[in-house]
Amino acid sequence: MNAVPRHIVCLTFDFDTQSGFIARGMTTPTPLSRGEFGLTGARRILTLLRSHGIKATWFVPGFTIESHPAASEAVVANGHEIAHHSWAHIPPAQQSRDEEEADLVRANEAIARLTGRKARGYRSPSWDLSEHTIDLLLAHGFLYDSSLMGADYWPYRARRGDRAELGEPFRFGEETALVEMPISWSLDDYPHFEFVRTATTVLPGSQSARLVMESWFDEFRYMQKSVEWGVLTYTMHPYVIGRGYRMLAFEDLVRKLAAAGALFMTMEDAAKEARDRFLSPNAS
Ligand SMILES: [Zn+2]
């Protein structure tokens, strides 16, 4: 095993535009415009990434590819990875197996038309997998998933058949070949920043961008302190992080990460490195 420390950072952008609002039935002009702002955010993010020479991973719903082709092509033209984020942004846990598979295939066809190849990576809308998702991803040739929270700096093998029943001990299912690139709501811009009001709840959001980025940098410092090799994944949405004061704080985070030795990689490359070093049957 390589003794030189490697501390990888994956910057990931869920390019939802209006899809998440439509999936929740919010189709009046204002929520739609909130998603539309993602087009502005995406342009700003592409400029920032280009100026720092960073390749990132964009989870782009088929909805966005077909609704906003020029914006989607710009992501590809900048050399970023395009990964799968469903077609209609409906959480798989709310779909039948057939519905989930049909949506998965439709989105993959849109990605193949956009990039010339199918997606290698998947992230579920709202981070809620169904009991079928892992099997479907394996059947459709995916390398990795990025929807689970069972680790922080270590990719692991996604399992099928975990059993959780009330009043019974938890039983682990079998590990599969699918590489899990773990995520966390704490490293997602949405709950920190977005104001959401529904009939029953208010999520205040609107936190200080500087304070959130400070916490995100501390997460990198702790990875450096605690593991020789690790991957830290940040999740952002162009319509969220794309606001001016957040972009300034985010760019400062990128600078600090680079100065501290972060290796910026696409998630596909990081997942391959994890698989080849640690997760293949022959890995030490
Ligand atoms: Zn999303």
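The largest nonpolar core here has 58 residues, and Leu11, Trp58, Tyr234 and Phe250 have the most contacts inside it. Apart from this core lies another, of 17 residues, among them Ile8, Phe59, Trp229 and Val231. Keep in mind as you look around that this is a predicted model. Below is a short tour of the core, the strands and the zinc site.

**Core**
- Leu11 is a good place to start: leaving aside residues up to four places away in sequence, Leu11 touches Leu49, Ile54, Ala56, Thr57, Tyr234, Met236, Phe250, Val254 and Phe264.
- Two of these partners, Tyr234 and Phe250, are themselves listed with Leu11 among the residues with the most contacts inside the core.

**Strands β2 and β3**
- Strands β2 (residues 57-60) and β3 run parallel and are joined by 4 bridges.
- Trp58 has Ile82 in β3 as its bridge partner.
- In a regular strand, side chains alternate between the two faces of the sheet.
- Both faces of β3 (residues 81-84) are covered, with Glu81 and Ala83 buried on one side and Ile82 and His84 buried on the other.

**Zinc site**
- The zinc ion is coordinated at 2.1 to 2.5 Å by two OD atoms of Asp16 and by NE2 of His85 and of His89.
- Along the chain, these donors follow the spacing D-x68-H-x3-H.
- Distant parts of the chain are linked here: Asp16 sits in the loop between β1 (6-14) and α1 (19-23), and His89, 73 residues apart from it, in the loop between β3 and α5 (97-115).
- The arrangement is irregular because the 4 donor atoms subtend angles of 54 to 137° around the zinc ion.
- Asp16 is buried, at 5% relative accessible area, and His89 also counts as buried, at 6%.

Note on methods:
Residues numbered from 1 in each chain as written. Predicted model: local features only at pLDDT ≥ 70, side-chain atom pairs only at ≥ 80, totals over all residues. Heavy atoms only, no water. Buried < 20%, exposed > 50% of the residue type's maximum accessible area, 1.4 Å probe, protein only. Helix = DSSP H or I, 4+ residues; strand = E, 2+ residues; numbered from the N terminus. Pairing = 2+ DSSP bridges. Core = buried A, V, L, I, M, F, W, Y, C linked by side-chain atoms within 4.5 Å. Contact = heavy atoms within 4.5 Å. Donors = N, O, S within 2.8 Å, 3.2 Å for Na, K, Ca; no water. Tetrahedral: all angles 85-135°; square planar, octahedral: opposite > 155°, others 65-115°.
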